[in-house]
Amino acid sequence: MRRIDTYLIKWYGPFASKEELKKWEDKRPEVFNLYVFQARRKCEKDKYYCGMTFKQSVGMRMRNHDHHIHDFENKQTEFLQIWIGTIANIKPKEHDVRICENIITSELANIRIGEKNLENRTNKKPAINNVYIINQWWKT
């Protein structure tokens with residue numbers, strides 16, 4: 001019998017900046033490993049990015065010099081919203097976080113928004129195992 005992974009992800013947001021996100025995240029007891037942001041530059045369609053972090057907080061990950069969010073933090077960006085997620089039904093290992101990121105990224109690229117509107121360069125193919133993700137969305 002094949003193993004079926006099930007993950008409950010609680011998403012919080014939207015945050016208008018990584019600074020706002022970091023302040024909120026620092027006050028929370030949960031560990032946040034996933035994030036999705038949506039951004040729009042003037043005269044362009046919305047772009048999306050899904051990411052994960054395991055060894056640092058989401059707020060710290062977004063401060064890394066090579067993070068994609070920096071491409072959308074300028075005067076040309078007219079819209080930015082960030083959501084952060086915690087896997088709530090288990091204490092996740094890095095493998096679990098990677099599976100969730102892969103499923104979300106492949107879903108966005110192949111079904112929801114199309115590959116050209118997704119900033120991720122990898123993880124666009126669905127996982128080979130059966131995986132179920134239940135998303136809960138909470139406004140901050």
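## Close-ups of a predicted model

**View 1. F32 in its pocket of neighbours.** F32 is buried, at a relative accessible area of 2% (buried is under 20% relative accessible area, exposed over 50%, and partly exposed in between, with a 1.4 Å probe and protein chains only). This is a predicted model: local features need pLDDT of at least 70, side-chain atom pairs count only at pLDDT 80 or more, and totals for chains, interfaces and linings use all residues. Numbering starts from 1 along each chain as its sequence is written, while side-chain values use heavy atoms and leave out hydrogens and water. F32 sits in the loop between helix 1 (18–26) and strand 2; helices (H or I, at least four residues) and strands (E, at least two) are DSSP runs, numbered from the N terminus. Leaving aside residues up to four places away in sequence, F32 touches Y12, W24, E25, T53, V58, I84, G85 and T86, where a contact means heavy atoms within 4.5 Å. From F32 to I9, 23 residues apart along the chain, the C-alpha separation is 9.8 Å.

**View 2. Rings around Y12, and a cis proline.** F32 shows up again here, in one aromatic cluster with Y12, F15 and W24. The ring rule goes like this: rings of Phe, Tyr and Trp (its six-membered ring) pair if their centres lie within 6.5 Å, with planes under 30 degrees apart called stacked, over 60 edge-to-face, and the rest tilted. R28 joins in too, with its charged end over the ring of Y12, 5.1 Å from the ring's centre (a charge sits over a ring if NZ of Lys or CZ of Arg is within 6 Å of the ring centre and within 35 degrees of the ring normal). Have a look at the backbone as well: G13 and P14 are joined by a cis peptide bond, with omega at about -5°. P14 belongs to strand 1 (residues 4–15).

**View 3. Two tryptophans, edge to face.** The count of aromatic pairs comes to 8. One of them is W83 with W137, an edge-to-face pair at 5.1 Å centre to centre and 85° between the planes. W83 is in strand 4 (residues 77–87) and W137 in strand 5 (residues 130–139), so this pair ties together parts that are 54 residues apart in sequence. W83 counts as buried, at 14% relative accessibility.

**View 4. The hairpin of strands 2 and 3.** Strand 2 (residues 34–41) and strand 3 (residues 47–52) pair in the antiparallel sense over 6 bridges; two strands pair if DSSP finds at least two bridges between them. Together they make a hairpin with 5 residues between them, and C43 in the turn has a positive phi of about 65°. A39 stands opposite K47 of strand 3. How many residues of strand 2 are buried? The count is 6 of 8, which leaves the strand mostly covered. For strand 3, 6 of the 6 residues are buried, so the rest of the structure largely encloses it. In a regular strand, side chains alternate between the two faces of the sheet. Here K47, Y49 and G51 point one way and Y48, C50 and M52 the other, and all are buried.

**View 5. Two nonpolar cores.** The largest nonpolar core has 16 residues, of which Y7, I9, W11, L34, I87, C100 and I104 touch the most other members (a core is a set of buried Ala, Val, Leu, Ile, Met, Phe, Trp, Tyr and Cys residues joined through side-chain atoms within 4.5 Å). Strand 1, strand 2, strand 3, strand 4 and helix 3 each give two or more residues to this core, and helix 3 has the largest share, 6 residues. A second, separate core holds 15 residues, among them F15, Y35, M62 and L80.

**View 6. I87 and the buried aspartate.** Not counting residues up to four places away in sequence, I87 touches Y7, L8, I9, L34, P92, D96, V97 and C100. D96 lies in helix 3 (residues 94–112) and counts as buried, at 9% relative accessibility. On the same sequence cut, D96 touches Y7, I87 and I90.

**View 7. The chain as a whole.** Zooming out, the protein chain has 3 helices and 5 strands, running β-α-β-β-α-β-α-β from the N terminus on. Of its 140 residues, 45% count as buried. Among contacts with a separation of 6 or more, 72% involve residues 24 or more positions apart.
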